[in-house]
Amino acid sequence: MTRNLLMLLAAFLMINTLSSQEMFIVQSNNLYGLINKDGIEIVKPKYHFIDDFDYTRDGWAKVGYDGKFGFIDKTGKEVVELKFESIGSYDEYYKDWALVRHKGKYGFINKDGYSIVEPSYDEIQKFGTIHSDWALVNKNSYYGFINRTGKLVVDCKYDEIKPFNLIRKGWSIIVSNGNYGIIDNSGKIVLEPLYSEIGDFDIYKRGWAKISLNNEKFGFINKKGEIVVAPIYDNVEPFRKGKKKVKQDRTSLATN
C-alpha cells in the first residue's frame, strides 16, 4: 500500500486523533492501523479495534483482533500479547492492576503488562468488599481470598463466605456442605463448619451464641469460638424468671 493511498485513507476514514503525537487511525479492508502526522505508517492495518492511547493506560492503546485484546505502545510495538477476551480499566480493583479474562478465567496484570494473578478464577470481587484487605475469589464454585500481592490466603473451599464483622468484629461466617462455621480476619478457622445454625451473640446470654447440629441438637459458643454448652439438647429456651428450661432426649430439665 503506497504512502499516497495511506494519506487518502487517513483523510477520509480517520476516526480520531490519538494523543499529542497526532497519530491517526486508518482503515483498510475492515482492519485498522496507525499513521503519524507525517503520513508514516506506525502500525499497518491489522486490528479489528484500536482504542485511544492513554485511555486504559498511559502510553499504551488497547488493540483487538478476533475477540482477543492486548496493548501497543506509541511505537506500534505489541507490549501485551493479544490473548485476553477482556481487559478492564487499571486501578478499578487495585492500584496499577487491570482485571483480565483468558480462556474464560479471571486474573490481573500490572502496568508493565505482567501477570500478577494468573487467570484461574471464575469470579473476582473488588478488594474491601468482604474483607478490608482481601478480594473474594471463586474457583469451581468455591470461594476463598487473595491478598494485595495476589497470593491466595484462604483456599477456595467454601460454598459461601459472608462479610466480616456481622456476627462479631473480625469474624466471618463460612458455609461448607450446607453447614456453618467461622473464620477470623487472618483466615484462621475459629469454628469448624459443622453447624446448621449459628445465632447472634447476647440473645440468650451475654457473650454466648446459640449453635445447632442438624437443626436437632442445640448448645452455645462464647466469643472466643469455644463451645461452652455442647450441642446435645433438643431445645434451649431463653432465660426467664431465673429459670432456664432445656430438653435433652425428650426429658425436661429445669435449673434455678
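Let's start with the aromatic rings: a search of the whole structure turns up 13 aromatic pairs. One of them is Trp 97 with Phe 127, an edge-to-face pair with 5.9 Å from centre to centre and 70° between the planes. Please keep in mind as we go that this is a predicted model.

Where do these two rings sit along the chain? Trp 97 is in strand β10, while Phe 127 is in the loop between β13 and β14, so to speak of distant parts of the chain is fair: they are 30 residues apart. Trp 97 counts as buried at 6% relative accessibility, and Phe 127 counts as buried too, at 11%.

Now for another ring pair, Phe 145 and Phe 164. The ring centres are 6.1 Å apart and the planes meet at 50°, so this pair is classed as tilted. Phe 145 belongs to strand β15, residues 142–146, and Phe 164 to the loop between β17 and β18, so the pair ties together parts of the chain that are 19 residues apart in sequence. Are these two buried or exposed? Both Phe 145 and Phe 164 are buried.

Back to Trp 97 for a moment, as there is a bigger picture around that residue. Ring pairs join Tyr 93, Tyr 94, Trp 97, Phe 108 and Phe 127 into a cluster. A charged residue comes in here as well: Lys 126 lies over the face of Tyr 93, 6.0 Å from the ring centre. Elsewhere, Arg 168 has its charged end over the ring of Trp 171, at 4.8 Å from the centre.

Lys 126 takes us on to salt bridges. How many are there by the rule used here? The count comes to 9 salt bridges. In one of them, the side chain of Lys 126 meets that of Glu 92, at 4.0 Å from N to O. This pair links distant parts of the chain, 34 residues apart: Glu 92 is in the loop between β9 and β10, and Lys 126 in the loop between β13 and β14. Glu 92 is partly exposed, with a relative accessible area of 42%, and Lys 126 is partly exposed at 39%.

Next, have a look at Asp 122 and Lys 105, whose side chains form a salt bridge at 2.4 Å, N to O. Asp 122 is in the loop between β12 and β13 and Lys 105 is in strand β11, so the bridge ties together parts 17 residues apart in sequence. Asp 122 counts as partly exposed at 30% relative accessibility, and Lys 105 does at 25%.

One more bridge: Asp 234 and Lys 217 meet at 2.6 Å, N to O. Asp 234 sits in the loop between β24 and β25, Lys 217 in strand β23, and the two are 17 residues apart. Asp 234 is partly exposed with a relative accessible area of 23%, and Lys 217 is partly exposed at 24%.

Let me finish with Lys 210, in strand β22, residues 208–213. Which side chain of opposite charge is nearest to Lys 210? That is Glu 197, 4.9 Å away; Lys 210 is buried yet has no salt bridge. The cut-off is 4 Å, so a pair at 4.9 Å does not qualify. What Lys 210 does have is a polar contact, side chain to side chain, with Tyr 204 at 3.2 Å. Leaving aside residues up to four places away in sequence, Lys 210 touches several others, among them Ile 198, Asp 200, Phe 218, Phe 220 and Val 236.

Key:
Residues are numbered from 1 along each chain as its sequence is written. This is a predicted model: local features need pLDDT of at least 70, side-chain atom pairs count only at pLDDT 80 or more; totals for chains, interfaces and linings use all residues. Side-chain values use heavy atoms; hydrogens and water are left out. Helices (H or I, at least four residues) and strands (E, at least two) are DSSP runs, numbered from the N terminus. Buried means under 20% relative accessible area, exposed over 50%, partly exposed in between (1.4 Å probe, protein chains only). Lys and Arg count as positive and Asp and Glu as negative; His and the chain ends are not counted. A polar contact is a pair of N or O atoms within 3.5 Å; within protein, one must be able to donate a hydrogen and the other to accept it, and residues adjacent in sequence count only if both atoms are side-chain atoms. Contact means heavy atoms within 4.5 Å. Rings of Phe, Tyr and Trp (its six-membered ring) pair if their centres lie within 6.5 Å; planes under 30 degrees apart count as stacked, over 60 as edge-to-face and the rest as tilted. A charge sits over a ring if NZ of Lys or CZ of Arg is within 6 Å of the ring centre and within 35 degrees of the ring normal.
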